[in-house]
Amino acid sequence: MSEAAHPGSCHCGAVRFTLLSDPVELTTCDCSLCIKRNAVMTKVPQADLRIDAGAEHLTLYEWNTRRAKHYFCNRCGIYVFHRKRAAPDHFGVNIFCLDGFDRSRLPVRATKGESMTVECADPRPEWPGPRIQS
C-alpha cells in the first residue's frame, strides 16, 4: 500500500472509491467499447480498489464473453472501473475519475483489444476481432 491513497468518484459523486496503491502506468485499448467511451485506465489489483460509497449506484454492463465486468454510475452514467477480462483479479480504473490526480507523469501503453475474440452469434460489423460463432 502506498503512503497516499487516491480518492475518486463518478461525475455526480454518488459512487466514491479509493485506490490504495499508486498507479504506475496508464493504458488505452482499441476494442470497440473502449474506443467509444474514450477510456484511459490504470490497472490495480482487486485488493487495492476500495468502494467507499454508492455501491448501490453501480450498474453492470457485460458483453461478448461476459468475463469483463464494466461498472457505470446509474445516476450520471460515468464509467468508473471494470473487472478485467484477461486478469479477473484486477480492475481497470478510469484515470479521469481520480480526484486531483496528476496523470501527466505516467507512461501510457496502448493495448490491443481489437484483436480479442468476438464470441457472439450475431456480432456487429464494427466489432473487430476474430469471430467464434456460438
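E62 is partly exposed, at 24% relative accessibility; here buried means under 20% relative accessible area, exposed means over 50%, and partly exposed lies in between, with a 1.4 Å probe and protein chains only. Its salt-bridge partner is K69, and the closest N and O atoms of the two are 2.4 Å apart. K69 is partly exposed too, at 22%. A salt bridge here is a side-chain nitrogen of Lys or Arg within 4 Å of a carboxyl oxygen of Asp or Glu.

Before going on, a word on what you are looking at. This is a predicted model, in which local features need pLDDT of at least 70 and side-chain atom pairs count only at pLDDT 80 or more, while totals for chains, interfaces and linings use all residues. Residues are numbered from 1 along each chain as its sequence is written, and side-chain values use heavy atoms, with hydrogens and water left out.

Back to the charged pairs. Side chains of opposite charge can pair when their charged atoms come close. By the rule above, the model has 3 salt bridges. One of them joins R109 and E25, with 2.9 Å from N to O. R109 sits in strand β10 (residues 108–111) and E25 in the loop between β2 and β3 (26–29), so this pair ties together parts that lie 84 residues apart in sequence. Strands, for reference, are DSSP runs of E with at least two residues, numbered from the N terminus. Both partners are partly exposed: R109 has a relative accessible area of 41%, and E25 has 26%. Another salt bridge brings R50 and D52 together at 2.5 Å, N to O. R50 is partly exposed at 40%, and D52 is likewise partly exposed at 39%.

Next, have a look at the sheet. It is open, with 3 strands in the order β1-β2-β5 and antiparallel pairing; two strands pair if DSSP finds at least two bridges between them. The edge positions belong to β1 (6–9) and β5 (49–53), each of which has a single partner strand, so one side of each is left without a neighbour in the sheet. Strand β2 (residues 16–19) runs antiparallel to β5, and the two pair over 4 bridges. One bridge to find on screen is that of R16, whose partner in β5 is A53.

Strand β1 is also home to H6, a residue that counts as buried at 13% relative accessibility. The side chains of H6 and D22 share a polar contact of 2.5 Å. Contact in the plain sense means heavy atoms within 4.5 Å. Setting aside residues up to four places away in sequence, H6 touches F17, T18, L19, S21, D22, P23, L98 and F101.

F17 leads us to the interior. A nonpolar core is a set of buried Ala, Val, Leu, Ile, Met, Phe, Trp, Tyr and Cys residues joined through side-chain atoms within 4.5 Å. The largest one has 21 residues, and those with the most contacts inside it are F17, L49, V80, F81, F91 and V93. At least two residues of this core come from each of β2, β7 (69–73), β8 (79–83) and β9 (90–94). F91 is a good one to click on: beyond its neighbours within four places in sequence, its contacts include L49, Y71 and F81. There is also a second, separate core of 9 residues, with C34, A39, W63 and F72 among them.

Conventions: A polar contact is a pair of N or O atoms within 3.5 Å; within protein, one must be able to donate a hydrogen and the other to accept it, and residues adjacent in sequence count only if both atoms are side-chain atoms.
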